Amino acid sequence: MLRSFGYAVEGMVALFRYENNARFHLLAALVVVIAGIIIGLTYLDWVLITIVVGGVWAAEAFNTAIEKLCDVVSPGIHPQIKAVKDLAAAGVLIMAGTAALTGVIIFGKAIINSFSFTF
């Protein structure tokens, strides 16, 4: 079990070390965390942010795994392999869009509430 955990950690390290999109998502997550601390997000907001950030990273990992497998199975250009890669990339785009929309909702609410005045 510990060995399996080690392999998973190796995969995470490789994901963020070699995959540009994963590094971009990591940087975006760091910006969100810093902004969330500054704004003072609620507990529930942090739960939602954690879920969507984890979802984006998981989607990116699955996409990368699928692309690497496709490259081994079919090193040349093949229309079905292109379709598989495009669909995997679409999964990342859907999750990233969901995360962005979640961020707009959470941070938008926090910003609007910061401008609310109580008399």
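Let's start with one residue: Asp-86 is partly exposed, with a relative accessible area of 40%. Keep in mind as you look around that this is a predicted model. Asp-86 has a partner, Lys-82, and the two form a salt bridge in which the closest N and O atoms are 2.5 Å apart. You can find both of them in helix H4, four residues apart, which is about one turn of the helix. So what does the rest of the chain look like around this helix?

Zoom out for a moment. The protein chain has four helices and zero strands, so if you read from the N terminus on, the pattern is simply α-α-α-α. The radius of gyration is 18 Å, while the globule rule gives 14 Å for 119 residues, so the chain is more spread out than a compact globule. You can get a feel for that from the C-alpha trace, which spans about 70 × 35 × 20 Å along its principal axes.

Now think about inside and outside. Of the 119 residues in the chain, 24% are buried. The chain exposes about 8,700 Å², and carbon and sulfur atoms supply 75% of that area. Contacts tell another part of the story: take those between residues at least 6 apart in sequence, and 70% of them join residues at least 24 apart.

Back to the salt bridges. How many does the structure hold? There are four, and the Lys-82 and Asp-86 pair is one of them. Another brings together the side chains of Asp-71 and Lys-85, again at 2.5 Å from N to O. Here the partners sit in two helices, Asp-71 in H3 and Lys-85 in H4, so this pair ties together parts that are 14 residues apart in sequence. Asp-71 is partly exposed, with a relative accessible area of 40%. Lys-85 also counts as partly exposed, because its relative accessibility is 24% and the cut-off for buried is under 20%.

A third salt bridge to look at joins the side chains of Lys-109 and Asp-45, at 3.2 Å from N to O. This pair links distant parts of the chain: Lys-109 is in helix H4 (residues 79-114), Asp-45 is in helix H3, and they are 64 residues apart. Is Asp-45 buried or exposed? Its relative accessibility is just 5%, so Asp-45 counts as buried. Lys-109, on the other hand, is partly exposed at 36%.

Stay with Asp-45 a little longer. You'll find this residue in helix H3, which covers residues 43-73. Besides the salt bridge to Lys-109, the side chain of Asp-45 makes a polar contact with the side chain of Thr-42, at 3.0 Å. If you leave out residues up to four places away in sequence, Asp-45 touches Ile-106 and Lys-109.

Next, head for the surface. Ile-34, Ile-38, Ile-39, Ile-111 and Phe-115 form a nonpolar patch there, and together they have about 520 Å² of accessible area. Which helix gives the largest share of the patch? That would be helix H2 (residues 20-39), with three residues. Ile-38 is in helix H2, and its relative accessibility of 69% means that Ile-38 counts as exposed, since the cut-off for exposed is over 50%.

To finish, try tracing two distances across the model. The first begins at Glu-10, in helix H1 (residues 2-18). With a relative accessibility of 54%, Glu-10 counts as exposed. Glu-10 and Glu-60 are 50 residues apart along the chain, and 15 Å separates their C-alpha atoms. The other begins at Ala-65, in helix H3. Ala-65 counts as partly exposed, at 46% relative accessibility. From the C-alpha atom of Ala-65 to that of Phe-24 is 18 Å, with their positions 41 residues apart along the chain.

Key: Residues numbered from 1 in each chain as written. Predicted model: local features only at pLDDT ≥ 70, side-chain atom pairs only at ≥ 80, totals over all residues. Heavy atoms only, no water. Patch = residues over 30% accessible without salt bridge, like charges linked within 9 Å, V, L, I, M, F, W, Y side chains within 5 Å. Areas by Shrake-Rupley, 256 points an atom, 1.4 Å probe, with all protein chains shown as cover. Buried < 20%, exposed > 50% of the residue type's maximum accessible area, 1.4 Å probe, protein only. Polar contact = N/O pair within 3.5 Å; in protein donor to acceptor, adjacent residues only side chain to side chain. Contact = heavy atoms within 4.5 Å. Rg over C-alpha atoms; globule rule 2.2 N^0.38 Å.
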